[in-house]
Amino acid sequence: MSKLTKNQKLVADKVEAGKAYSLREAAELVKAITTTKFEASVDVDVRLGVDPRKANQMVRGVVSLPNGTGKVTRVLALCTPDQEEAAKAAGADYVGLDEYIDKIKGGWTDVDVIITMPSCMGKLGPLGRILGPRGLMPNPKSGTVTMDVAKAVKEVKQGKIDFKVDKAGIVHASIGKVTFTPEQIYENAKEFLQTIIKLKPAAAKGTYMKSIFISSTMSAGIKVDPKSVE
């Protein structure tokens, strides 16, 4: 039997295999078992009792994390000239329209979120093959297609994220950094999980939240008791 590495032993000493911890306990443990030399992200994975192939069981939404994400989000605002100044004032990193559409056609996608207006969506249609696979295509459901571009920019900069259940029935999101305090991690995770609870489809039967795990980049997952977030 191979010997445990120092990091594996650290996890084994602190996390009891198979035990479901309360969300507050997990928020403390994820900091304790993180040994990376870089600033790791804190991730939450939720397995839902839904069939994502059915439209009436799709779970998708947005949430504003009370303590932000801890990372710099690069925002491109594609808008008409009358909205440009407000978008810049709200913190957009790039603001414009036709010049950036041409840049994207040329392969430029060096942003994290694109926000635009309904009247500009026609110009973005041809960019679907570039933006779609990267998760950058604006969508009204995620609040990235809106008449109030400045408000949307500000919300994203302050920690608004969007999420969607994948084909395996799992919702994944980064909700902070390990440099956050346990309380900040707890508050962000709770806000995210309670938003998912509110989005439970009427067509979903049986157990909705099948499992919850919280982890940091490259750390082991910590099982969370779903009852601790309801």
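Reader: Let's start with Ser 211. Which strand is the place of Ser 211 in?
Author: Keep in mind that we're looking at a predicted model. In this model, Ser 211 has its place in a strand, and that strand is S8.

Reader: Is Ser 211 buried or exposed?
Author: The relative accessibility of Ser 211 is 16%. Buried means under 20%, so Ser 211 counts as buried.

Reader: Leaving aside neighbours within four places in sequence, which residues is Ser 211 in contact with?
Author: We skip the neighbours within four places in sequence, since here we want partners from elsewhere along the chain. What remains for Ser 211 is Asp 45, Val 46 and Arg 47.

Reader: What about Val 44: is Val 44 buried or exposed?
Author: Val 44 lies in strand S1, which covers residues 41-48. Setting aside neighbours within four places in sequence, Val 44 is in contact with a list of residues including Val 171, Ala 189, Phe 192 and Phe 213. The relative accessibility of Val 44 is 1%. The cut-off for buried is under 20%, so Val 44 counts as buried.

Reader: How many Å separate the C-alpha atoms of Val 44 and Lys 141?
Author: Along the chain, Val 44 and Lys 141 are 97 residues apart. In space, their C-alpha atoms are separated by 21 Å.

Reader: Now the sheet with S3, S4 and S5. In what order do the three strands come?
Author: It's an open sheet, and the pairing is parallel. Strand S4 (94-96) and strand S5 (113-116) are the edge strands, each pairing on one side only. From one strand to the next, the twist averages 15°. Read across, the order is S4-S3-S5.

Reader: Which residue in S4 is the bridge partner of Leu 76?
Author: Strand S3 takes in residues 75-78, and three bridges join S3 to S4. In S4, the partner of Leu 76 is Tyr 94.

Reader: Helix H7 lies across part of this sheet. At about what angle is H7 running to S5?
Author: H7 is made of residues 149-158, and this helix lies across S3 and S5. Relative to S5, H7 runs at about 160°.

Reader: Gln 83 caught my eye too. Is Gln 83 buried or exposed?
Author: You'll find Gln 83 in helix H3, residues 81-89. Not counting residues up to four places away in sequence, Gln 83 touches Met 117, Met 147, Val 149 and Ala 150. Its relative accessible area is 13%, and under 20% means buried, so Gln 83 is buried.

Reader: On to charges. How many Å apart are the closest N and O atoms of Arg 74 and Asp 110?
Author: The pair links distant parts of the chain: Arg 74 is in the loop between S2 and S3, and Asp 110 is in the loop between H4 and S5, 36 residues apart. A salt bridge needs the nitrogen within 4 Å of the oxygen, and here the closest N and O atoms are apart by 2.4 Å.

Reader: Which residue forms a salt bridge with Arg 53?
Author: Arg 53 is exposed, at 75% relative accessible area. Its partner has a relative accessible area of 17%, which counts as buried. The closest N and O atoms are 3.0 Å apart, and the partner is Asp 51.

Reader: How are helices H2 and H8 placed: roughly parallel, roughly perpendicular or oblique to each other?
Author: H2 (residues 23-32) and H8 (residues 182-198) pack at an angle of about 130°, with their axes 9 Å apart. Among the residues making the contact are Ala 27 and Lys 31 of H2, and Ile 185 and Ala 189 of H8. Over 145 degrees would be roughly antiparallel and 65 to 115 roughly perpendicular. The angle fits neither range, so H2 and H8 are oblique.

Reader: Last one! Near what value is phi of Met 218?
Author: Most residues other than glycine have a negative phi. Met 218 lies in the loop between S8 and S9, and Met 218 counts as exposed at 73% relative accessibility. Its phi is positive, in a residue other than glycine, with a value near 75°.

Notes
Residues are numbered from 1 along each chain as its sequence is written. This is a predicted model: local features need pLDDT of at least 70, side-chain atom pairs count only at pLDDT 80 or more; totals for chains, interfaces and linings use all residues. Side-chain values use heavy atoms; hydrogens and water are left out. Two strands pair if DSSP finds at least two bridges between them. Helices (H or I, at least four residues) and strands (E, at least two) are DSSP runs, numbered from the N terminus. Axes are lines fitted to C-alpha atoms, for helices over the stretch in contact, and angles run from 0 to 180 degrees between N-to-C directions. Contact means heavy atoms within 4.5 Å. A salt bridge is a side-chain nitrogen of Lys or Arg within 4 Å of a carboxyl oxygen of Asp or Glu. Buried means under 20% relative accessible area, exposed over 50%, partly exposed in between (1.4 Å probe, protein chains only). Angles under 35 degrees count as roughly parallel, over 145 as roughly antiparallel, 65 to 115 as roughly perpendicular and the rest as oblique.
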